[in-house]
2 protein chains.
Amino acid sequence: MDREAKQRYAEEFGLLYSTLGMPPAYGKLLGWLMICDPPDQTSTELARALQLSKGSVSTGMRMLEGAKLARRVTRPGQRGHAYEVLPDALITGTMNGKAIWGALSVLMAKGVELIGDEDAPEARRVRIARDFFAFIAERVPDLIEEFKRDNGL
Amino acid sequence: MDREAKQRYAEEFGLLYSTLGMPPAYGKLLGWLMICDPPDQTSTELARALQLSKGSVSTGMRMLEGAKLARRVTRPGQRGHAYEVLPDALITGTMNGKAIWGALSVLMAKGVELIGDEDAPEARRVRIARDFFAFIAERVPDLIEEFKRDNGL
DNA sequence: TCGAACGTTCAGAATCTACTGAACATTCAA
DNA sequence: TTGAATGTTCAGTAGATTCTGAACGTTCGA
């Protein structure tokens, strides 16, 4: 019910995620899967709901699977498969994003090396960045653990 | 010294930041400002070092200023102004990124509303996402505080 | 074995974005 | 006041990205 409102929601979802670097079509798929009824949807259903080509759905869902954001499920007595979001999809997505903090820290460490003397005043700007990203990279897993514990996951 | 290595570093920096949604040229500017000597650079110097047009430098630096990543400085007895990265630039950048967590949480809350019954099993997927992003949005400032305290900032 | 439904891949079209460079504005030394 | 140096804006373009759709598997019921 109120299919149109849900379609609009998927569009909005795709828009926000596109600002985070995800292709709009894939964001729409994810958004739809967060609120659709039933929660598992076939490629054909997804293509119809979001007005996307079969190709986009196929490629998009492959990508969401790869990012551990969605998974295939099979319904008994039915051809092919359907997709659903993983229950803790967005958490997982954020954990993968954790790799970013490490990469940033490594990049900043390289910058410190380029300047040469770690203790030089002109190394300060990039040294602080290096330490900060390393700190964040280290703490993110703890945060996620804490959330999971407090929410019984 | 080793100007070329620093130029390559700026390129690499821009490349990584472009995966985070920043235009490559602006990432290059930021990367160069993290390691350049002297640490403050005029538009002309930036354009020369990074082979960018005056227009790109102007627009890019305006954007970095807006994001509180860089600021203008004036050298006595010199035309115009130069730019430098703020000492805690990347930390600030991350704090601004905090707004994202809030936006995501709001988006998920909208999804819960669309489903209607917050306690329904099919609302679980988006309810968890809502709570998770709210949790992260709330904790990020504390993390930053802790880092600053431990590093005398 | 056949055909219908479903899924995948990828070349090319459609679309969007970043960047340049030219026109214009501003600043300041002489 | 003049003009050289510098800074800004923005229309247009070059280039990259996303999306489609057609060609080609694959699966499975009959």
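User: Which residues of α6(A) meet which residues of α6(B)?
Analyst: In α6(A) they are Ile128(A), Asp131(A), Phe132(A), Phe135(A), Ile136(A), Arg139(A), Leu143(A), Ile144(A), Glu146(A) and Phe147(A). They meet Ile128(B), Asp131(B), Phe132(B), Phe135(B), Ile136(B), Arg139(B), Leu143(B), Ile144(B), Glu146(B) and Phe147(B) in α6(B). Contact means heavy atoms within 4.5 Å. Helices are DSSP runs (H or I, at least four residues), as are strands (E, at least two), numbered from the N terminus.

User: How do the residues of that contact divide?
Analyst: Into 14 nonpolar, no polar and six charged. Nonpolar covers Ala, Val, Leu, Ile, Met, Phe, Trp, Tyr, Cys and Pro; charged covers Asp, Glu, Lys and Arg; the others, Gly among them, are polar.

User: What kind of model, and what conventions?
Analyst: It is a predicted model: local features need pLDDT of at least 70, side-chain atom pairs count only at pLDDT 80 or more, and totals for chains, interfaces and linings use all residues. Residues are numbered from 1 along each chain as its sequence is written, chains are lettered from A and ligands numbered from 1 in the order written, and side-chain values use heavy atoms, without hydrogens and water.

User: At what angle do the two α6 helices pack?
Analyst: About 140°, with axes 10 Å apart; each helix is residues 124-150. Axes are lines fitted to C-alpha atoms over the stretch in contact, and angles run from 0 to 180 degrees between N-to-C directions. The pair is therefore oblique. Under 35 degrees would be roughly parallel, over 145 roughly antiparallel, 65 to 115 roughly perpendicular, and the rest is oblique.

User: Which salt bridge joins the two chains there?
Analyst: Glu146(B) with Arg139(A), closest N and O atoms 2.4 Å apart. Each lies in helix α6 of its chain, so the pair joins two chains. A salt bridge is a side-chain nitrogen of Lys or Arg within 4 Å of a carboxyl oxygen of Asp or Glu. Arg139(A) is partly exposed, at 23% relative accessible area. Buried is under 20%, exposed over 50%, partly exposed in between (1.4 Å probe, protein chains only).

User: How many salt bridges over all chains?
Analyst: 16. One of them pairs Glu118(A) with Arg130(A) at 2.9 Å. Glu118(A) is in the loop between α5 and α6 and Arg130(A) in α6, so the pair ties together parts 12 residues apart in sequence. Asp131(A) is linked with both in a network.

User: Is Arg130(A) buried or exposed?
Analyst: Buried, at 17%. Glu118(A) is partly exposed, at 35%.

User: New topic. Which residues of α3(A) are buried?
Analyst: Leu46(A), Ala47(A), Ala49(A) and Leu50(A). Their cover includes α1, α2, β1, α4 and β3 of chain A.
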